[in-house]
Amino acid sequence: MKLITAVVKPHRLDEIKEALQAFGVHGLTVTEASGYGRQRGHTEVYRGAEYTVDLVPKIRIEVLAEDDDAEQLIDVIVKAARTGKIGDGKVWSLPVETAVRVRTGERGPDAL
Amino acid sequence: MAPAIMLAADAPKLSSANTGFMLICSALVMLMTPGLAFFYGGMVRVKSTLNMLMMSFISLGIVTILWVLYGFSMAFGTDHGSIVGWTSDFVGFGGIGKEDLWPGYTIPVFVFAVFQLMFAIITPALISGALADRVKFSAWSLFLILWVTVVYFPVAHWVWGTGGWAFDLGVIDFAGGTAVHINAGAAALGVILVIGKRVGFKRDPMRPHSLPLVMLGAGLLWFGWFGFNAGSWLGNDDGVGPLMFVNTQIATAAAMLAWLVYEKIRHGAFTTLGAASGAVAGLVAITPSGGAVSPLGAIAVGVIAGVLCAMAVGLKYKFGFDDSLDVVGVHMVGGIAGSLLIGFFASGKGQSDVEGLFYGGGLDQFWKQCAGVFAVLGYSLVASAVLAFLLDKTIGMRVPEDEEVSGIDQAQHAETAYDFSGTGGGLVGSAAPALAAESKKVDA
């Protein structure tokens with residue numbers, strides 16, 4: 001199994017969710033995040049005083065996938081998240097040792 | 001109204017219209033203090049929002065009681081040496097009959113006293129904006145008591161009390177440019193020179209935490225200011241109240257636009273904080289001058305004040321004094337601008353026949369305005385610094401550094417302004433309802 005993590009622009013969330021549902025993903029976790037990459041932050045002005053805001057709001061999406069699906073799933077997310085402008089974010093995956101469905105106690109791929 | 005006015009010129013009788021008008025104006029001016037609280041409260045960081053609100057609200061409590069006990073007597077009692085008033089009948093409002101009229105006017109003494117009370121409440125509250133994040137609430141409360149007693153009550157007497165020296169000299173201050181705004185701005189400067197900067201001033205970003213609150217506060221101030229300015233007419237027979245009302249709207253609009261244009265050119269954006277600040281700068285500047293200038297003059301006063309104040313708010317970074325929310329930059333500078341511009345723009349057709357330089361009156365009035373401005377500025381600056389110094393050496397003005405850094409709301413008021421934990425994490429934009437729907441589907 002793999003854990004796929006995507007940190008992307010907040011307004012792409014709906015598209016990504018729809019794409020994942022169409023692919024057959026049954027569940028995911030979303031958290032608000034903030035950070036910066038090459039986009040860096042932006043400048044705000046208050047009564048003439050300029051403040052640099054480094055961290056910009058992002059959405060972090062986490063999905064568990066079977067090994068065979070992982071690469072394809074990453075492509076689905078990347079395609080749905082892309083706007084072509086700087087700050088689109090990153091997607092990566094990590095190996096997962098085990099997963100358990102809390103209600104039934106099912107383990108491994110059955111728990112997905 | 002004509003017969004009432006003719007009677008008023010003779011021996012004033014009670015006017016129901018004027019009394020009703022002044023009671024409404026008093027309530028409008030009362031609303032300015034909560035408005036100010038929100039104007040300031042939105043400008044501080046989340047961790048000191050409540051303290052900022054409370055610094056204004058406590059003035060509604062403390063100053064009201066002091067005003068009844070002795071403040072009204074000191075400000076508007078019989079003159080003693082052109083410096084301070086005192087009439088023992090006014091102490092505790094004890095000797096005021098409910099039908100007694102304020103001498104020379106058509107409104108009861110009670111109405112005059114409660115209208116002036118609202119001015120005494122908001123003036124010290126104005127100072128609080130310079131002291132954000134760092135002053136012990138107990139020390140602020142004591143400072144309030146001392147400051148209105150030593151500074152506000154006497155200065156109000158100088159400017160508005162019969163026999164006060166500035167009043168007798170002919171200094172024009174219709175609604176409080178010197179007594180309220182220069183007074184509060186200079187006091188703010190005096191106090192911050194004693195207590196020093198916030199931790200992290202110029203190093204940490206100190207962004208306003210809620211500009212919508214700032215806009216709400218500015219709106220309430222603008223609304224209440226009609227009572228403040230037009231009400232200062234007091235319903236007397238010169239009929240200048242409506243002119244003041246109109247000029248208040250005109251100068252405020254002009255100053256808001258001027259500030260916005262200035263910052264668009266200088267900093268590249270039209271900001272909401274600029275709109276709110278410009279409006280307040282215009283309100284401040286028209287306060288002393290609105291009874292003396294023409295509507296076109298009010299546009300000039302507003303534009304000049306808007307640009308001057310927009311330039312002045314940057315000075316604190318140059319000189320390194322932490323006027324946190326620009327009380328000096330907006331109220332002192334705006335008050336000075338409005339007071340001195342009377343010397344140029346007084347049309348001779350308002351509250352008096354005095355004409356300014358641009359209306360052929362020479363510089364006489366300008367020098368009188370200078371005398372009023374700099375006397376109040378100097379006295380308030382020095383007296384306020386001395387009071388802050390005494391309090392700092394005895395009970396201490398500032399909270400400990402760790403309380404200031406972790407947040408004065410929790411340390412001084414045992415509360416926090418916002419609960420961020422109970423909202424389910426609140427996702428950005430439309431994501432939250434979509435996710436909620438999703439989880440329901442999964443449950444089913």
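## From a strand of chain A to the helices of chain B

Strand β1 of chain A (residues 2-8) has two faces, a covered one made of Lys2(A), Ile4(A), Ala6(A) and Val8(A), and an uncovered one made of Leu3(A), Thr5(A) and Val7(A). In a regular strand the side chains alternate between the two faces of the sheet. Strands and helices here are DSSP runs, E of at least two residues for the former and H or I of at least four for the latter, numbered from the N terminus. The model is a predicted one, in which local features need pLDDT of at least 70 and side-chain atom pairs count only at pLDDT 80 or more, while totals for chains, interfaces and linings use all residues. Residues are numbered from 1 along each chain as its sequence is written, and chains are lettered from A and ligands numbered from 1 in the order in which they are written.

β1(A) is joined by seven antiparallel bridges to strand β5 (residues 56-65) of chain A, where Val8(A) stands opposite Ile59(A). Seven bridges, again antiparallel, join β1(A) to β6(A), and there Val7(A) stands opposite Lys90(A); strands count as paired if DSSP finds at least two bridges between them. Strand β6 (residues 89-95) also holds Trp92(A), which counts as exposed because 11 C-beta neighbours lie inside 10 Å. On this scale a residue is buried with 20 or more other C-beta atoms within 10 Å of its own, exposed with 12 or fewer, and partly exposed in between, the C-beta atoms being placed from the backbone.

Tyr51(A), in strand β4 (residues 49-53) of chain A, leads across to the other chain. UniProt, in an unreviewed entry, annotates Tyr51(A) as "modified residue: O-UMP-tyrosine", although such annotations may be inferred rather than shown by experiment. With 14 C-beta neighbours inside 10 Å, Tyr51(A) is partly exposed. Leaving aside neighbours within four places in sequence, Tyr51(A) is in contact with Glu44(A) and Tyr46(A), and with Pro205(B) and Arg207(B), a contact being a pair of C-beta atoms, placed from the backbone, within 7 Å.

Chain B comprises 17 helices and two strands. Its radius of gyration, taken over C-alpha atoms, is 23 Å, close to the 22 Å that the globule rule gives for 444 residues, so chain B is as compact as a globular protein of that length; the rule is 2.2 Å times the number of residues to the power 0.38. Buried residues make up 54% of chain B. The unreviewed UniProt entry places "domain: Ammonium transporter AmtB-like" at residues 21-418 of chain B, a span that is 67% helix and 1% strand.

The largest nonpolar core, meaning a set of buried Ala, Val, Leu, Ile, Met, Phe, Trp, Tyr and Cys residues joined through C-beta atoms within 7 Å, has 148 residues, with Ala188(B) and Leu221(B) among those with the most contacts inside it. Helix α4 (residues 109-127) of chain B gives the largest share of this core, 15 residues. Apart from it lies another core, of 18 residues, which includes Val8(A) and Val30(A).

Helix α14 (residues 364-394) of chain B has 31 residues, which at 1.5 Å a residue should span 45 Å, and its end C-alpha atoms, 46 Å apart, agree with this; the expected span is 1.5 Å times one less than the number of residues. Its buried residues, including Gln365(B), Gln369(B), Gly372(B) and Val376(B), pack against α5 (137-160), α6 (165-169), α7 (177-195) and α13 (327-345) of chain B. An α-helix has 3.6 residues a turn, so residues three or four places apart point the same way. After α14(B) comes Gly396(B), whose phi is positive, near 85°.

Key:
Two residues are in contact if their C-beta atoms, placed from the backbone, lie within 7 Å.
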